[in-house]
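Work through the exercises below with the sequence and the coordinates at hand. Each task is followed by a stepwise solution.

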Amino acid sequence: MKKLLLASAATLLATAATAEDVKLGVLLGFTGPIESMAVNMGAGAEWAIKEINESGKFMDGATVVPVRADSTCIDSAAATAAAERLITSEGVAGIMGAACSGVTGAVLANVARPNGMVMISPSATSPALSEAEDDGLFFRTPPSDARQGVVMAEILKEKGVNSVALTYTNNDYGKGLADSFQAAFEGMGGEVTISAAHEDDKADYSAEVGALASAGGEVLVVAGYADRGGAGIVQASLDTGAFDTFHFPDGMVSDATIGKFGADVDGSGGQLPGSDSPGAEKFAEVVGDAFDPTSIFAAESYDAAAILLMAMQAAGSTDPKVYKDKVMEVANGPGEEILPGELGKALEILAGGGDVDYVGATAVEFLENGDSAGSFREVVMEGGEFKTVGYR
């Protein structure tokens, strides 16, 4: 064990490439503020792995083994330690993750980049990650919050909303999204009466809600987490009558929000990454009732895992330093379009030296910096459920 821990990451990865099993890290916030979302995210990634294993066509019959690790979403030290374990102890060939923006940046800078490890995040959306030094190792399947902020502003303005109060979770995700939205909304002639950070896991949010209410606004925008402070803000708003209509970015569009508030927030709206492409319909069809394929970031997780494994197949290697240059090629084409349920077909084409254009569940198209061009699904709360009303 001592020798294993002291071995270089390159040696471990070379071993993984020749072994019967190829390990893929699934680094998500299985505890913390997105734990309710992580259930279906993990299921999405592992569905892609299951599909590839069942095809028997990956790397001359190798089996892919998912190795879960907990990024916690909010504890960078814990996320870094988890990622280090995946590389040094488990010998993973790639990391599907991490999940939240702050810890993703920490893992990229402190673990993935120094070890030459490829990461594809299914849910880290901070605009700051677009400019992160990554040596071509980092990609993400959801679009940046730089775009979500604009989409959110457009939705509210089209509804005739001209003034909002804004609260955001005090981290990279919340601040990045809040700044993007405020710039876009004010640029469209809207007024943000207050932009205030909130901390997660407080027992009482009455002071924060009091300040938001005093500033006024037709709608309260809650850029937070459905399992943490965002829910606390909504509950305190309802309890005091400060606000009864909200707008929810992706971190709040969750089964947890439905379970906690339901019809109490009917009329509220929101958006999350999502596509009405043929791949989205196909994903729902192949998953069936195994898990909720429409759950936030489940499709992005499926796509992230699929792209990692297809890049390995295209390169004929599980060494990240080798296959990193194939990630963009398999995701963007040119080549035969690949939908969910067709991963075995993709592997066969790649093994024969052909090209694929992975459309996947979310119509993936990587920009030059590894960001996803992406699209968003607009939702409204009706009858205590989030209903899809359009795509942008």
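**Exercise 1.** In which hand, left or right, does H4 pass H5?

Solution. The model is a predicted one.
Step 1. Take helix H4 as residues 76-89 and helix H5 as residues 101-115; their axes come within 9 Å and cross at roughly 35 degrees.
Step 2. The crossing of H4 past H5 is right-handed.
Step 3. On the H4 side the contact is made by Ser76, Ala79, Thr80, Ala83, Glu84 and Ile87. These meet Gly102, Val103, Ala106, Val107, Asn110, Val111 and Asn115 in H5.
Step 4. Sorted by class, the H4 contact with H5 consists of seven nonpolar, five polar and one charged residues.

**Exercise 2.** Determine how strands E1 and E2 pair and how the chain connects them.

Solution.
Step 1. E1 covers residues 21-28 and E2 covers residues 63-70; eight bridges link the two in the parallel sense.
Step 2. For the register, Lys23 is found opposite Val65 in E2.
Step 3. From E1 the chain goes through helix H3 (residues 35-55) to E2, a β-α-β crossover that is right-handed.

**Exercise 3.** Is Leu28 buried or exposed, and which residues does Leu28 touch?

Solution.
Step 1. Leu28 belongs to strand E1.
Step 2. The cut-off for buried is under 20% relative accessible area. Leu28 has 0% relative accessibility and therefore counts as buried.
Step 3. Leaving out residues up to four places away in sequence, the contacts of Leu28 include Ala38, Met41, Gly42, Ala69, Asp70, Met96, Ala99 and Pro122.
Step 4. Ala99 lies 71 residues from Leu28 along the chain, yet their C-alpha atoms are separated by 5.0 Å.

**Exercise 4.** Give the strand order of the seven-stranded open sheet, and locate the helices H6 and H7 against its strands.

Solution.
Step 1. The order is E7-E6-E8-E9-E10-E13-E14, with mixed pairing.
Step 2. Strand E7 (191-198) and strand E14 (385-391) are at the edges; each has a single partner strand, so one side of each has no neighbour in the sheet.
Step 3. From one strand to the next the twist averages 25 degrees.
Step 4. Inspect one pair: E8 (residues 219-223) and E9 (residues 246-248) run parallel and are joined by two bridges. Val221 has His247 in E9 as its bridge partner.
Step 5. Helix H6 (residues 145-158) lies across E6, E8, E9, E10 and E13, at about 150 degrees to E10. Helix H7 (residues 172-187) packs on the sheet and touches E6, E7 and E8; its direction makes about 165 degrees with that of E6.

Notes: Residues numbered from 1 in each chain as written. Predicted model: local features only at pLDDT ≥ 70, side-chain atom pairs only at ≥ 80, totals over all residues. Heavy atoms only, no water. Pairing = 2+ DSSP bridges. Helix = DSSP H or I, 4+ residues; strand = E, 2+ residues; numbered from the N terminus. Right-handed = clockwise from strand over helix to strand, strands pointing away. Axes fitted to C-alpha atoms, helices over the stretch in contact; angles between N-to-C directions. Left-handed = near helix turned anticlockwise from the far one by under 90°. Contact = heavy atoms within 4.5 Å. Nonpolar A, V, L, I, M, F, W, Y, C, P; charged D, E, K, R; others polar. Buried < 20%, exposed > 50% of the residue type's maximum accessible area, 1.4 Å probe, protein only.
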